[in-house]
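Q: Please take a close look at one part of this model, the metal site, and then set it beside the aromatic and charged side chains elsewhere.

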Amino acid sequence: MKFVKNASKTAILSAIATLGLAAAAQAATINQSVCVRSLNKTMSDGASVTFWGFTSNCGGMSSGLLPGPLVEVGVYPAGSGLTDTLNLTLNMAMAPQEQAPYNGHTIHLHGADVATAEDGVPETGAPVTGDTYTWTPKSNETGSYMYHCHVHTVKHLEMGMYGPMIGRPKNTAGVFLNQLTHDAATAYNYVQNYVLSTVDPAYHTATGDSTVFADYNPKYFLISGNEGKTTAAPAQTLAAGVNKKVALRLIGIHSVNGTFSVKDASGNAKPFTVYTHDGRALATPVTMTSLDVSPGQRYDILFTTPSTTGTWYPQVTYKNLRDGTALSTAYGRVTF
Amino acid sequence: MKRLVQSTIGLLLAGLASIASAATVNYTLYISAGSITVNGTGGTTMSAWGYSDVAGTTKVPGPLLTANEGDTVNITVVNNHNINHNFVAQGLTTDATAIAPGGNKVYTINLGSNSAGTYLYSDTLNSNINREMGMYGVLKVKPADGGNTAWTGGPAYTFDRVWVVSEMDKPRWNDVAGAGGTVNTGVYKPNYFLMNGKGGFDAMHDAATTVDGLLGQTALIRIVNAGQQSSSLHFHGNHFKVIKSNGVAQSAPYLEGDVINLPPMSTAEVTYYLNQLGDYPMHVHTAQQETANGVYLNGVATMIIMK
Ligand SMILES: [Cu+2]
Ligand SMILES: [Cu+2]
């Protein structure tokens, strides 16, 4: 979750960045490490579910995060010749894991078209005992991605082994821009990640090639790790201003269908504009009031808050894979 | 002026090509009851019904039918099974009436202009039971010149693949329908997830399924979802371009993605450019659909091999 507190602060920051241009005009290498730790979460019905989450805190007593920590990589303007490189290291020390053949973990940079050796897929040779995964996004690759384990994914994704990964525009001075892409029309005042996921507790206790994994019966429906079952208890909140641009990064790691919308307190759908899909800018941005986000997909959207104070609820209705009937809705909240 | 002349010549050439290649293509499909085998750990042999080009055998999916724009296709469907069936090529035929046991029917399709594409044929009777049992396949229509473009003047490709994704609920549907019982269609918990009628362990090595080619080549992948669940296919290695969605040609620049969602009975055509050396999976991103009765990766998965 990243806030841009106000426009003037942004302006000051970019002015500073501009002054520093000559000295700072170089690409960055982002070295980030994550570990895997258990996390016991008490769900809305009182049941406890054990997750495995990534965390940057590799202390022995630390707890996994759901979703894992944000990973951000700079993407420079076309023609600049500049690139950032991400080195994301999986530290396997003290990681909870399954028995063979699904022991160990990896990291797959989902949506990043990396070399096989960086792809984190055990079946194509990736080690499961820890590794560093490298990605150097190109100028057209702004947008939302995710990283997740690629061992026995039917279980490990369900266990919570995922986090948001963002290809975020930088100017040639190396300063992150508050935009979805290098198109100035995608500038935002606020941005949040909406990580979509679902939880079938039976998948958390089953292990190996169990028949449990043939039948998915999700019981909990999350946005960014929280249930948000009602507008009064949203999964995620944002205090924005009136007449401001709010960007949401929709990152689908759920295993059913999902439909995103933004509604006011009376349930009226509010239009939003989709700028990117799967880390690629749309040729023409599309304004709509309802967007299907399927497992693995990402969309980056933007809306403008009204000129009078109020509350809107960005929300995801999770739906049955067979007939699209609604299973549950998870709510976020934006006040302005 | 120059542009006008060029497009006139283009039209003439297109007209000539379609005249030159127009043909009558005849197919016979035999409907019968049999079985399907999913190999490897978690696999099974279960009752299935299918269309086949060889009487007395069951094929799931049914045979790939191919023709060119401008052709007349006659498909004779022979029902060698003991219940009613039909044959509907989505977007091409409308006669959904039954073919009684022992009967047959000829479907004639005149492939007009702009018909190049990927069509799902299936049995639409019996509350999805006939389709679930394996009665589906693909008719592929190439442009009038028979060349490697998605449609006349459309995106070019080096080679194409057809991916039919589907599922089967062995205990509640196939075992019951196969034994002549009554399926409770309100409950569907498929435990086998198929890529071209195979589990992933086979589909990852099946030359007709894998995207296996040289750097610089472009694959056209024709995807149909013959199942009853939405399927979300994730490509590693490179992004694809969606050039056709449910038979509707898209316009350039095409939507790029690494995940494409196909609702039941939908079709899509994507191009995938072979851009870097390596071996990459393509798999569904929906938990259970990656499995065969819970066994990981023996579900909807195949390989992308770039050499
Ligand atoms: Cu893992
Ligand atoms: Cu993934």
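A: The copper ion (ligand 2) has as its protein donors His110(A) through ND1, His148(A) through NE2 and His285(B) through NE2, lying 1.9 to 2.0 Å from it; donors here are N, O and S atoms within 2.8 Å of the metal (3.2 Å for Na, K and Ca), and water is not among the atoms, so sites may look incomplete. His110(A) in strand E6 (residues 108-110) and His148(A) in strand E8 (residues 143-148) are 38 residues apart and link distant parts of chain A, strands being DSSP runs of at least two residues, numbered from the N terminus. His110(A) is buried, with a relative accessible area of 0%, and His148(A) is also buried, at 1%, where buried means under 20% relative accessible area (1.4 Å probe, protein chains only).

This is a predicted model, in which local features need pLDDT of at least 70 and side-chain atom pairs count only at pLDDT 80 or more, while totals for chains, interfaces and linings use all residues. Side-chain values use heavy atoms, with hydrogens and water left out, residues are numbered from 1 along each chain as its sequence is written, and chains are lettered from A and ligands numbered from 1 in the order in which they are written.

Turning to the rings, Phe, Tyr and Trp (its six-membered ring) pair if their centres lie within 6.5 Å, with planes under 30 degrees apart counted as stacked, over 60 as edge-to-face and the rest as tilted. There are 18 aromatic pairs over all chains; one of them, Tyr194(A) with Phe260(A), is edge-to-face, at 6.5 Å centre to centre and 85° between the planes, and both of its residues are buried.

Terms used: Helix = DSSP H or I, 4+ residues; strand = E, 2+ residues; numbered from the N terminus. Buried < 20%, exposed > 50% of the residue type's maximum accessible area, 1.4 Å probe, protein only.
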